[in-house]
Amino acid sequence: MIISQEEVIETNTMVREENLDVRTITIGVSLLDCADADLKKTCDNIYAKLMRVAKDLVKTGEDIAGEIGVPIVNKRISITPAAIVGSACCKKPKDFVKIAKTLDKAAAKLGVNFIGGYSATVQKDMTKADELLMRSIPEAMAATSRLCASVNVGSTKTGINMDAVRLMGEIVKEAAELTKDRDSIGCAKIVVLCNAPDDNPFMAGAFHGVSEGDAVINVGVSGPGVVHHVLKNLHGADFETLCETIKRTAFKITRVGQLVAQEASKRLGIPFGIIDLSLAPTPAVGDSVADILREIGLEHPGAPGTTAALALLNDQVKKGGVMASSYVGGLSGAFIPVSEDQGMIDAVDAGALTIEKLEAMTCVCSVGLDMIAIPGDTPAASIAGIIADEAAIGMVNQKTTAVRVIPVAGKNVGDRVEFGGLLGYAPVMRVSPFDCSAMVNRKGRIPAPIHSFKN
Amino acid sequence: MKKVIISIVGKDTVGIIARTATYLSKANVNILDISQTVVQGYFHMMMIVDVAKCKTPFAQFAAEIIALGSEIGVDVRVQKSEIFEKMHRV
């Protein structure tokens with residue numbers, strides 16, 4: 001098969017000028033066999049297993065990137081939800097923090113930038129260990145730098161565990177307070193999910209579900225800059241042309257991920273799990289989902305028509321990507337974080353984008369309210385209310401939704417928060433001042449919706 | 001056969017092909033195809049080569065050609081052909 005020069009130039013222009021990259025190779029590692037009744041033994045087992053399974057991850061990623069000429073930005077690890085692994089040996093939140101430090105130490109030693117799975121899946125109810133882990137999250141996030149925490153509080157099949165939602169409102173506030181000297185960055189590593197997938201390679205919500213095998217390779221692709229670029233030539237084109245173009249581009253981007261995943265799987269001797277076809281923006285100029293929405297025809301994200309434009313984008317990314325990969329999973333769609341996307345930040349600064357509009361957008365994007373700085377004095381009950389709203393959208397629409405908000409201690413609407421690196425910076429956004437505590441303080445769970453009963 | 005694509009972008013100058021080809025010959029790499037074009041004022045050259053009999057490991061081979069490129073003053077990329085095959089073929 002002859003490769004044409006146009007094809008080579010097209011691929012290399014995507015890399016050189018449009019920020020095409022493979023966002024992450026994430027090894028999922030089961031830690032179920034590390035559990036022991038003794039805490040130290042459990043920590044030792046965890047450290048040893050991670051060192052054994054993931055020892056060649058970073059080097060392999062770099063080798064593949066060098067050979068194909070496409071950067072692989074992150075190498076990461078996801079683990080079995082820590083609440084399960086530590087359930088036999090952790091009797092208080094501080095015990096879980098020891099596991100957190102072990103995970104962080106292993107991540108640093110292996111050179112991975114994040115390790116996810118400091119998690120509890122409590123969509124129906126919490127075990128004692130789940131609750132201990134959740135209560136340990138603020139201290140664990142303050143004491144580590146590479147560890148990410150996630151809690152699944154609802155699902156279409158089980159409904160929403162409102163006791164967990166209420167607790168997470170408090171946990172997020174506490175984590176903000178414990179890291180207040182660093183703009184409450186602890187909260188940037190905590191996500192509360194509904195319908196969390198078992199095989200998501202993206203942080204902060206990555207964990208290695210119990211339905212997974214011993215180890216698996218999941219790859220997250222990206223490329224909002226590439227989609228943005230091809231749309232530049234389509235001003236005034238009809239929807240058919242627009243959609244076909246996005247689909248074709250998503251296909252090409254995903255094929256790169258598929259190639260990387262297969263190579264990594266072969267070289268590491270670990271089975272290939274899924275490709276997550278996501279448009280994941282970064283703070284770099286030209287790597288923005290908001291820019292795509294603008295190119296579709298909006299003055300700013302948040303303008304009327306934004307939800308429709310995002311729905312179209314999300315769907316075409318999936319349609320193009322599905323054919324390009326043998327297994328698709330994870331979150332797969334367009335991410336709409338605020339602090340990690342320069343175009344979103346501009347939209348907030350222009351007064352075009354509010355939390356309420358972002359909430360509407362989460363009905364059709366791949367995840368949820370992501371990396372949003374809110375005033376530090378937002379009550380825990382209001383944060384729980386925001387979580388409940390997102391979980392309800394996920395539960396009813398049978399999709400993953402999530403909340404990653406940062407109630408920045410000491411900051412108010414109009415202030416700016418600097419997280420640095422991939423996490424970017426964010427303007428503090430307004431939260432409705434009206435009270436929802438009487439609802440949030442009700443005990444128990446919201447039942448599963450009628451359309452979940454499919455048996 | 002192990003196909004690798006060498007792509008060169010930069011200002012056109014004397015000896016780009018000659019010097020690259022001389023290096024490839026020393027490294028025991030066979031040139032299968034060469035094409036060149038000018039896009040947006042830049043000179044683009046693409047070589048399809050077979051590295052099956054190349055004695056140098058891939059990473060070192062790539063690094064040496066890239067270094068040669070900087071000597072000449074052009075940007076060089078050395079990539080396994082799979083990336084283009086996967087991306088542009090169904």
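Author: Before you start, one definition: the expected span of a helix is 1.5 Å times one less than its number of residues, where helices (H or I, at least four residues) and strands (E, at least two) are DSSP runs, numbered from the N terminus. This is a predicted model, in which local features need pLDDT of at least 70 and side-chain atom pairs count only at pLDDT 80 or more, while totals for chains, interfaces and linings use all residues. Residues are numbered from 1 along each chain as its sequence is written, with chains lettered from A and ligands numbered from 1 in the order in which they are written.

Reader: Let's try that on H14(A), then. How far apart are its end C-alpha atoms?

Author: H14 of chain A covers residues 380–397. Its 18 residues should span 26 Å at 1.5 Å a residue. The model agrees with that, because the distance between the end C-alpha atoms is 26 Å.

Reader: Which residue with a positive phi follows H14(A)?

Author: Look in the loop between H14 and strand S10 (401–408) of chain A. The residue there has a phi of about 55° although it is not a glycine. Right after H14(A) comes A:Gln398.

Reader: Is A:Gln398 buried or exposed, or something in between?

Author: Let's count C-beta atoms, placed from the backbone: 20 or more others within 10 Å make a residue buried, 12 or fewer make it exposed, and anything in between is partly exposed. H14(A) itself has many buried residues, among them A:Ile383, A:Ile386 and A:Ile387. A:Gln398 has 13 other C-beta atoms within 10 Å, so it is partly exposed.

Reader: A:Asn19 has a positive phi too, although it is not a glycine. Is A:Asn19 buried or exposed?

Author: A:Asn19 sits in the loop between H1 and strand S1 (22–29) of chain A, and its phi is about 60°. There are 23 C-beta neighbours inside 10 Å, so A:Asn19 counts as buried.

Reader: On to H9(A). How far does H9(A) reach from its first C-alpha to its last?

Author: H9 of chain A runs over residues 239–268, which is 30 residues. At 1.5 Å a residue, 44 Å is expected. The model comes close to that, with a reach of 43 Å.

Reader: Which residue takes a positive phi just after H9(A)?

Author: The helix ends at residue 268. Just after it, phi goes to about 65°. The residue that takes this value is A:Gly269.

Reader: Which element gives the most to the largest nonpolar core?

Author: A nonpolar core is a set of buried Ala, Val, Leu, Ile, Met, Phe, Trp, Tyr and Cys residues joined through C-beta atoms within 7 Å. The largest one has 181 residues, and A:Val260 is among those with the most contacts inside it. With 11 residues, the element that gives the most to this core is H9(A).

Reader: Which residues does A:Val260 touch, leaving out those up to four places away in sequence?

Author: Touching, or being in contact, means that two C-beta atoms, placed from the backbone, lie within 7 Å. By that rule, A:Val260 touches A:Val22, A:Ile25, A:Ile64, A:Ile72 and A:Val219.

Reader: How many nonpolar residues are in the contact of H8(A) with H9(A)?

Author: The axes of H8 (224–231) and H9 of chain A come within 10 Å and cross at roughly 145° (lines fitted to C-alpha atoms, for helices over the stretch in contact, with angles from 0 to 180 degrees between N-to-C directions). A:Val226, A:Val227, A:Val230 and A:Leu231 of H8(A) meet A:Thr245, A:Ile246, A:Thr249 and A:Ile253 of H9(A). Here Ala, Val, Leu, Ile, Met, Phe, Trp, Tyr, Cys and Pro count as nonpolar, Asp, Glu, Lys and Arg as charged, and the others, Gly among them, as polar. By class there are no charged residues and two polar ones, and the number of nonpolar residues is six.

Reader: And chain B? Which helix gives the most to the side of chain A that touches chain B?

Author: In total, 18 residues of chain A are in contact with 23 residues of chain B. Helix H1 (5–17), helix H3 (57–68) and H9 of chain A each supply at least two residues of that side. With six residues, the one that gives the most is H1(A).

Reader: Where is A:Ala204, which shares a cis peptide bond with A:Met203?

Author: The omega of that bond is about 10°. A:Ala204 has its place in the loop between strand S6 (190–194) and strand S7 (215–221) of chain A.
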